[in-house]
Amino acid sequence: GVVDTGNDIAQWLAQGGVGSEDAMETPLYDAGITGAGQVVAVSDTGLDYENCYFMDANAPDPSAARNDAHRKVVSYNPFVDDADAKNGHGTHVCGIVAGHRSEG
C-alpha cells in the first residue's frame, strides 16, 4: 500500500511545531529567514543531482570541487558506488534540506 509521509505539512511542523492544517504558520519564513545563501552538508546514501529539485542546466554536474555557480549543489563528494537508486533516501533527505524545483 501507499504510505502517507506527511511531507505536505513538514514546513509547518518544522517552523511552528503544529501539524494542523488550520495552523499553518511559518514564523521563520515570516521573519525573512529562508536559508538562502547558506551551505549545509548532508551525509547519506547519495544524491540524484539530475532530479528536478537539484538540477542546474546552466552549470556542470557537481563534483567535489566547490562551484558556487550551481543553483543548489555547490559540491558533491559521493562516498558510495553507482548502485544507489535514483530518488533514494539521500535524495529524499537532501530534498527536505534544500529542494526547490527547477523552473526549466
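Student: Where in this predicted model does Tyr76 lie?

Tutor: Tyr76 lies in the loop between H2 and H3.

Student: Why is Tyr76 called buried?

Tutor: The relative accessibility of Tyr76 is 17%. Buried means under 20%, so Tyr76 counts as buried.

Student: Which residues does Tyr76 touch, leaving out those up to four places away in sequence?

Tutor: Tyr76 touches Gly46, Leu47, Tyr49, Pro62, Ser63 and Ala64. For one of these, Tyr49, the sequence separation from Tyr76 is 27 residues, and the two C-alpha atoms are 8.9 Å apart.

Student: What makes the set containing Tyr76 a nonpolar core, and which residues belong to it?

Tutor: The largest nonpolar core has five residues, namely Leu47, Phe54, Val73, Tyr76 and Cys94. The term applies because such residues are buried and joined through side-chain atoms within 4.5 Å. As a general point, nonpolar side chains tend to be buried together in soluble globular proteins.

Student: How do you know that Cys94 is buried?

Tutor: Cys94 has a relative accessible area of 14%. The cut-off is under 20%, and Cys94 is therefore buried. Cys94 is found in helix H3. Its C-alpha atom is separated by 7.3 Å from that of Leu47, although the two residues are 47 apart along the chain.

Student: Which residues of H3 are buried, and why are they said to line one face of the helix?

Tutor: In H3 the buried residues are Gly90, Thr91 and Cys94. Viewed down the axis of H3, its buried residues fall within an arc of 95°, so they line one face of the helix.

Student: Where is Ser63 found, and why is Ser63 called partly exposed?

Tutor: Ser63 is in the loop between helix H2 (27-30) and helix H3 (89-98). Its relative accessibility is 36%. Partly exposed covers values between the limits of 20% and 50%, so Ser63 counts as partly exposed.

Student: What does Ser63 contact beyond its neighbours within four places in sequence?

Tutor: Ser63 is in contact with Ser75 and Tyr76. The C-alpha atoms of Ser63 and Val74 are 8.1 Å apart in space, with their positions 11 residues apart in sequence.

Student: Why is Met55 also given the term partly exposed?

Tutor: Met55 has a relative accessibility of 26%. The term covers values between 20% and 50%, and Met55 therefore counts as partly exposed. Met55 lies in the loop between H2 and H3. Met55 and His70 are 15 residues apart along the chain, with 8.6 Å between their C-alpha atoms.

Student: What makes the pairing of Arg66 with Asp68 a salt bridge?

Tutor: The closest N and O atoms of Arg66 and Asp68 are 2.7 Å apart. A salt bridge requires a side-chain nitrogen of Lys or Arg within 4 Å of a carboxyl oxygen of Asp or Glu, and Arg66 accordingly forms a salt bridge with Asp68. The structure holds one salt bridge. In general terms, side chains of opposite charge can pair when their charged atoms come close.

Student: Are the partners Arg66 and Asp68 buried or exposed?

Tutor: The relative accessibility is 55% for Arg66 and 53% for Asp68. Exposed means over 50%, so Arg66 counts as exposed, and so does Asp68.

Student: Which residues form the nonpolar patch on the surface?

Tutor: The patch is formed by Val40, Val42, Ile96 and Val97, which together have about 340 Å² of accessible area.

Student: Why is Val40 called exposed?

Tutor: At 54% relative accessibility, Val40 is over the 50% limit, and Val40 therefore counts as exposed. The place of Val40 is in the loop between H2 and H3.

Student: What pattern does the chain follow along the sequence, and how much of the chain counts as buried?

Tutor: The chain has three helices and zero strands, and follows the pattern α-α-α. Of its 104 residues, 21% count as buried. The chain exposes about 7,600 Å², of which carbon and sulfur atoms supply 51%. Among contacts with a separation of 6 or more, residues 24 or more positions apart account for 48%.

Definitions and conventions
Residues numbered from 1 in each chain as written. Predicted model: local features only at pLDDT ≥ 70, side-chain atom pairs only at ≥ 80, totals over all residues. Heavy atoms only, no water. Helix = DSSP H or I, 4+ residues; strand = E, 2+ residues; numbered from the N terminus. Buried < 20%, exposed > 50% of the residue type's maximum accessible area, 1.4 Å probe, protein only. Contact = heavy atoms within 4.5 Å. Arc of directions from axis to C-beta. Patch = residues over 30% accessible without salt bridge, like charges linked within 9 Å, V, L, I, M, F, W, Y side chains within 5 Å. Areas by Shrake-Rupley, 256 points an atom, 1.4 Å probe, with all protein chains shown as cover.
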